[in-house]
Amino acid sequence: MTKQVRQLDRVVIRFAGDSGDGMQLTGDRFTSETAQLGNDISTLPNFPAEIRAPAGTLPGVSSFQVHFADFDILTPGDAPNVLVAMNPAALKANLADLPKGASIIVNTDEFTSRNLAKVGYSSNPLDDGSLDGWSVAPVGLTSMTVKALDSFEISKKDAERAKNMFALGLLSWMYSRPYESTLSFLERKFASRPELVAANIAAFKAGWNFGETTENFAVRYEVKPARMVAGNYRNITGNAALALGIVAAGVRSELPVFLGAYPITPASDILHELSKHKKFGVTTVQAEDEIAAIGVALGASYGGALGVTTTSGPGVALKGETISLAVALELPLLIIDVQRAGPSTGLPTKTEQADLNMALFGRHGEAPVAVLAPRSPADCFTTALEAARIALTYRTPVILLSDGYVANGSEPWRLPEIADLPDLRVQFATEPNGEDGKTFLPYLRDPQTLARPWAVPGTPGLEHRIGGLEKADRTGDISYDPANHDFMVRTRAARIEGIDVPDVEIEDPDGAARVLVLGWGSTYGPIGAAARALRQRGLSIAQAHLRHLSPMPKNLGDVLKNYDKVVIPEMNLGQLAGVIRSRYLVDAIAYNQVRGLPFTAAELEGVLEEVVKNA
């Protein structure tokens, strides 16, 4: 059968099913195939917090959305063009996001009376006309997979589990994806069970062949590669990029890297990734709790390593006392907070930006630290290197605020040239620095950075006190002197404010904008897509995005004064807006949501359009 091939410039696909249906794996493999073809990509995994919620229920629905295009894209897409629904729960949980006319590929085998009742369907939506507004393709994914694997020596349960590979094969055919990498992946994944390798490959090929031969799918689609800067690319998640950035920081600083971590969603993958890189001098320790994790990391920094600890919001709360200790000790330390929806346990697998106030102010006493936030998955690599630069140069703890959206999402990452990475080498103290040539002054500061010497324990002649009690200027002796305490508090604050950070850049193409939209962290993509859409419609709007949140860029105050109105969208209740208002006396307009999901570009476009037209 000759199939029509139709060219598209972009597609958004959402795979959805039970948490045991392998939707994250399916979406990840489709994304890898798409990256291999050279499309620009952005993804949004979405899964329940429970390890295994009750099968077939709405709380148990897991989904993976991938947006791919032949041009530069900034978000995983506001709404799917295609929904692959593996059961009634997946259909019901996602149908509201699907625009009329979109395609639904539905696994008819799971639409039994029992499964329909579980999610509150009184009748079968495949038969009652409720889906007439969409293009529905009913496919017996489970039964067709079982039939395709009938000759294989595997259990019926294992055969049914392979239905996600049948669906992947079908979608790979529909969108002309290369599949060799998926076959190689299956060979590696099930290497210890050759029968599963053969079965899953057969299921994938059965799905591909079904698309090729059935009359149900008369059109095949192509999305050409995107025009991208020449170089070598790989698809990368935010957590993987952060881990590789930490590895690179260790290599470029010529320091051993020590990670002290306690597993917590959504930061655990950084620990998993770093544990693979021992050959680069990386040591990983899974501590007994969050307090121990940062304790051993700070101890490693004291010993001359690049100390790192990873966590999410509840863990940062537990680490607060030791972060304050690191401020007093004035040692480099990276604290990576992959934010999730709170408070308390909150929504462990959902995203939020509500830890900014805690990062800036959440310690006892005057304990300022540097704070940075990556804007996208690939940017996590660069931001990790920048965090290491600040920590090592200024001898300070640095908090890096990622979030679940950035951490689990993925995009193409252009591999950098090693020579282009910053030189992070440090000079340890090796001899006494006192005027008499015999005394070591552990708090004698560099006049440019205000950083104190970093003396590795055991270096002859450099014995010095450490601990949380206030230190005397220069000598490091324990001091209760009021004037000394005031001086040390102000000096530590001046050290943070004096950190050299680049000016904030403004995207204002025609220079005529009266409204500035200011963002930080993962709002970059939705804000950028909304601003781009408004400009295409002839409206002027400027965009600025903050990577450095403490200290803020020196030119930020002047930039804010150049605009009549400043809008700050955040996935919190206005934390950056509050800081901007108090520091720069700018009456910023806060636009906030805390739904556990990123902004959609369309939502922000509507909000910003109203502000622009009323400016």
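This text walks through ring contacts, salt bridges, selected residues and backbone exceptions in a predicted model.

Start with the aromatic rings. A pair of aromatic rings is described by the distance of the centres and the angle of the planes. A search of the whole structure gives eleven such pairs. One of them joins Phe381 and Trp413. Their ring centres are 4.9 Å apart, and the planes make an angle of 50 degrees, so the pair is tilted, falling between the limits of 30 and 60 degrees. The two residues come from distant parts of the chain. Phe381 belongs to helix H14 (residues 379-394), and Trp413 to strand E16 (residues 410-414). In sequence they are 32 residues apart. Phe381 counts as buried because its relative accessibility is 6%. Trp413 is buried too, at a relative accessible area of 10%.

Rings also gather in a group. Phe15, Phe30, Phe68, Tyr175 and Tyr221 make up one aromatic cluster.

Other rings have a charge over them. Lys100 lies over the face of Trp134, 4.8 Å from the ring centre. Arg375 places its charged end over the ring of Tyr524, at 4.1 Å from the centre.

Now turn to charge pairs. Side chains of opposite charge can pair when their charged atoms come close. The count of salt bridges comes to 24. Take Asp72 and Arg532, whose side chains meet at 3.0 Å, N to O. Asp72 is in the loop between strand E4 (61-69) and strand E5 (82-85), while Arg532 is in helix H17 (residues 524-536), so this salt bridge ties together parts 460 residues apart in sequence. Both ends are partly exposed: Asp72 has a relative accessible area of 44%, and Arg532 has 30%.

A second salt bridge joins Arg193 to Glu195. Here the closest N and O atoms are 2.9 Å apart. Arg193 is partly exposed at 37% relative accessible area. Glu195 is partly exposed as well, at 29%. This pair does not stand alone: Asp158, Arg161, Arg193 and Glu195 are linked in a network of salt bridges.

A third example is Arg465 with Asp477, at 2.8 Å from N to O. Both residues sit in the loop between E16 and helix H16 (482-497), twelve residues apart. Arg465 counts as partly exposed because its relative accessibility is 48%. For Asp477 the value is 34%, so Asp477 is also partly exposed.

Next, two buried positions in helices. Asn94 is in helix H2 (residues 88-94). Its relative accessibility is 6%, so Asn94 counts as buried. What does Asn94 contact, leaving aside its neighbours within four places in sequence? The partners are Arg14, Ala16, Val61, Ser63 and Leu83.

Gly250 is in helix H9 (residues 238-253). With a relative accessible area of 3%, Gly250 is buried. Not counting residues up to four places away in sequence, Gly250 touches Leu255, Val257 and Leu306. Asp9 is 241 residues from Gly250 in sequence, and their C-alpha atoms are 41 Å apart in space.

The surface has a nonpolar feature. Met228, Val229 and Tyr233 make a nonpolar patch of about 260 Å². Val229 is in the loop between strand E8 (219-223) and strand E9 (233-237). Its relative accessibility is 56%, so Val229 counts as exposed.

Finally, look at the backbone. Most residues other than glycine have a negative phi, and most peptide bonds are trans. Several places here depart from that pattern. The peptide bond between Thr265 and Pro266 is cis, with omega about 5 degrees. Pro266 is in the loop between strand E10 (257-261) and helix H10 (268-274). Another cis peptide bond runs from Gly342 to Pro343, with omega near 0 degrees. Pro343 belongs to the loop between strand E13 (333-339) and helix H13 (356-361).

Phi values bring further cases. Glu254 is not a glycine, yet its phi is positive, about 60 degrees. Glu254 is in the loop between H9 and E10. Its relative accessibility of 59% is why Glu254 counts as exposed. Leu585 also has a positive phi without being a glycine, at about 55 degrees. Leu585 lies in the loop between helix H19 (575-584) and strand E22 (589-592). Is Leu585 buried or exposed? Leu585 is exposed, with a relative accessible area of 75%.

Definitions and conventions:
Residues numbered from 1 in each chain as written. Predicted model: local features only at pLDDT ≥ 70, side-chain atom pairs only at ≥ 80, totals over all residues. Heavy atoms only, no water. Patch = residues over 30% accessible without salt bridge, like charges linked within 9 Å, V, L, I, M, F, W, Y side chains within 5 Å. Areas by Shrake-Rupley, 256 points an atom, 1.4 Å probe, with all protein chains shown as cover. Salt bridge = Lys/Arg side-chain N within 4 Å of Asp/Glu carboxyl O. Helix = DSSP H or I, 4+ residues; strand = E, 2+ residues; numbered from the N terminus. Buried < 20%, exposed > 50% of the residue type's maximum accessible area, 1.4 Å probe, protein only. Phe/Tyr/Trp six-rings, centres within 6.5 Å; stacked < 30°, edge-to-face > 60°. Lys NZ or Arg CZ within 6 Å of the ring centre and 35° of its normal. Contact = heavy atoms within 4.5 Å.
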